[in-house]
Structures are given as structure tokens and as C-alpha cells.
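Hi,

Here is the structure I promised to pass on. Have a look at it first, and then read my notes below.

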Amino acid sequence: MKKILLLLTAVFAVFSASAIDYYRYRDQGSARRLEGRVMLIAVYAANNRNADFAPGEKHYIDSVLVVAEEWLVARAAEYGKTVTFSNFSLGHRNSLFNNAVVSNDWVGTEASPVNCYIIQDIFEALNYDEGNYYSQFMHEKFDPSSYDQCVVLVFSPEKGRSYAMRHGYGGMNLMLEGAMIYLYAPEGWGAYLLSSYTVAHEMLHLFGADDLYETYDRSAGSDAFAEKLYPTDIMLRGYHDVNSATLDRFTAWQVGLTDEFSEEFMPLSLKKSTLENVRQQLERLQYKQLDVLK
């Protein structure tokens with residue numbers, strides 16, 4: 001009984017610390033929560049002129065983006081929050097060319113081997129300072145009082161698995177939060193074309209949402225809990241029909257649509273790294289039999 005109490009104490013202590021870190025990081029960066037006026041910067045970038053967008057592809061992306069934004073606005077309204085989007089594009093008429101924009105064939109649940117500083121690379125190529133590109137660009141282009149949040153979506157005509165880069169995640173110091181979004185699926189994924197589901201999913205990452213499916217840091221156990229509690233939540237799948245997706249209570253809490261925390265969220269919040277912290281704490285207490293955490 002004593003071991004179980006110590007186990008539960010350690011779990012709650014680590015989770016509490018993780019929750020504090022989560023709130024601290026969510027309220028930093030350019031996309032603090034899904035609320036208010038969102039400035040969305042759409043960047044159309046290719047690796048080189050030979051790999052540029054084909055005719056019609058950018059307009060297709062525009063249509064996908066509009067549906068994703070409308071879906072997010074409607075889901076926020078379900079929680080009594082108002083969200084509006086203002087869109088600004090770079091490279092829509094003439095693509096930006098940057099050799100950092102490359103395809104990827106990242107699959108599975110291992111940590112991603114991708115460039116998490118692609119947005120910084122793009123803005124540096126536009127002659128903005130490395131350490132101050134966000135402030136320079138935003139003050140040059142916009143009235144700071146005209147928006148509350150800001151996200152960057154880099155669209156590529158390459159094949160790849162889309163990914164998001166938010167402040168504090170994995171220790172990254174990214175004040176301008178954004179996502180790398182590919183028009184086509186990586187090799188082996190079939191004939192998949194970018195959908196509004198994927199765009200909305202990646203945008204929610206920027207506002208604080210985690211994946212609910214198994215990843216390099218999310219256990220199969222939390223995946224199973226999510227399947228049971230929120231089987232249609234948009235963060236449980238990488239791509240699907242956005243009109244069949246929901247934004248359920250846990251994801252809503254993560255992106256700031258509600259501050260109401262529920263005990264049922266706890267299994268969804270225990271990542272592999274969190275469980276490893278628990279194991280280390282208990283091992284320091286000389287409790288080696290931790291099968292309950294496997």
C-alpha cells in the first residue's frame with residue numbers, strides 16, 4: 001500500500017510540474033491560445049525553381065486553408081470564444097526559394113529528423129536579423145495593435161509529413177510559432193493530398209495542443225485512453241475528413257478555449273518523458289518494481 005501511495009504521489013507531483021510548465025510555455029510565443037484576432041502568415045516556398053508549385057496548387061492550398069480556419073472559428077464558438085483570422089501571404093505570386101525547404105519521409109513513432117528552425121531560415125533569407133526577425137517583420141508589415149496571436153504556415157509542394165514548431169516544445173525557443181505543411185504525402189502513404197484536417201491539426205499544435213495518437217513522446221496507453229474518451233478529436237488522427245472531426249474537452253483545455261480541468265485528462269497528459277521522470281523519482285526511493293507503469 002505504501003508503494004502505491006508513493007507511486008501516486010510521484011505521478012501527481014510530476015504531472016503538476018508538467019502542467020505548470022505547460023501553462024508557462026503556452027502563454028509564450030506568438031500563438032498563446034486559440035482566441036481573439038489571429039494573424040496568419042502563409043508562406044509558399046520551394047527548394048528550387050525546378051521543384052516549384054504547379055499551376056493551380058497554390059489556389060488549392062488557399063481553399064484548404066479557408067475551410068480549416070472556418071472549422072477552427074466554429075469550434076471556438078462552441079466554447080463561447082471568438083476567433084477571427086487575417087491572412088497575409090509571402091510567395092503567393094512568386095514562390096520563395098530556400099534550400100532548407102526539403103521533403104521528408106518521417107514515419108513511425110520515433111523523434112522527427114526535421115528542421116525545426118525552417119521559419120527562422122526563411123526569414124533570414126529575406127534579410128531579417130537572426131535574433132530579431134519576428135519583431136522586425138511584424139512591425140514592418142502590421143500594426144501591433146491589430147492582432148492578438150500570430151502563426152506562420154510554410155506550404156511546400158514537396159512530399160512529406162507535416163509538422164508544427166511551437167515555443168518551448170522540446171526546449172525550442174521559438175517566439176514566432178509555425179508549421180511546415182506539405183502538399184503531398186511522404187512515400188508509402190498512398191495518394192494523399194493536403195486536407196483542411198491536416199492544416200487545422202497543425203495549427204492547433206501552435207496554440208498548444210498535443211497529438212493524442214502514439215508518438216515518440218506519447219505512449220500507446222494514452223492513445224488508448226483518447227480512443228475511448230474522444231474518438232473523433234482532431235488531434236487523434238493525422239489526416240481525415242475535417243467535417244467529421246471534433247475539438248473535445250482535453251484539446252480545448254490545451255488551446256485555452258476552457259480553463260476547466262478534469263481528472264479524466266490525466267492519462268492523456270502522461271507522456272513517455274513524464275513517466276520516465278516518475279520512474280527516476282521512485283528509483284531514488286529504491287522502489288524498483290514499477291510494472292504498473294509499463
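The buried residues of α5 pack against β1, α2, β2, β4, β5 (163-165) and β6. This is a predicted model, by the way. In α5, 11 of its 11 residues are buried, among them Y197, V199 and L204. Just after α5 comes G208, with a positive phi of about 125°.

Now for the core. The largest nonpolar one has 49 residues, and W71, L153, F155, L194, V199, L204 and I234 have the most contacts inside it. Several elements give two or more residues to this core, including β1 (36-46), α2 (57-78) and α5 (196-206). The largest share, seven residues, comes from α2. If you want one residue to click on, try F155: its contacts include A42, Y44, F53, I61, L194 and V199. There is also a second, separate core of 27 residues, which includes A45, L96, F137 and Y147.

Then the aromatic rings. How many aromatic pairs does a search of the whole structure find? The count is 12. One of them is F123 with F137, an edge-to-face pair at 4.9 Å centre to centre with 70° between the planes. F123 sits in helix α3 (residues 118-125) and F137 in helix α4 (residues 133-141), 14 residues apart. Both of these residues are buried.

Compare F250 and W253: their ring centres are 6.0 Å apart and the planes are at 35°, so this pair is tilted. F250 and W253 both lie in helix α7, three residues apart, or about one turn of the helix. F250 is buried at 0% relative accessible area, and W253 counts as buried at 4%.

Cheers

Key: Residues are numbered from 1 along each chain as its sequence is written. This is a predicted model: local features need pLDDT of at least 70, side-chain atom pairs count only at pLDDT 80 or more; totals for chains, interfaces and linings use all residues. Side-chain values use heavy atoms; hydrogens and water are left out. A nonpolar core is a set of buried Ala, Val, Leu, Ile, Met, Phe, Trp, Tyr and Cys residues joined through side-chain atoms within 4.5 Å. Buried means under 20% relative accessible area, exposed over 50%, partly exposed in between (1.4 Å probe, protein chains only). Helices (H or I, at least four residues) and strands (E, at least two) are DSSP runs, numbered from the N terminus. Contact means heavy atoms within 4.5 Å. Rings of Phe, Tyr and Trp (its six-membered ring) pair if their centres lie within 6.5 Å; planes under 30 degrees apart count as stacked, over 60 as edge-to-face and the rest as tilted. Lists of a residue's contacts leave out its neighbours within four places in sequence.
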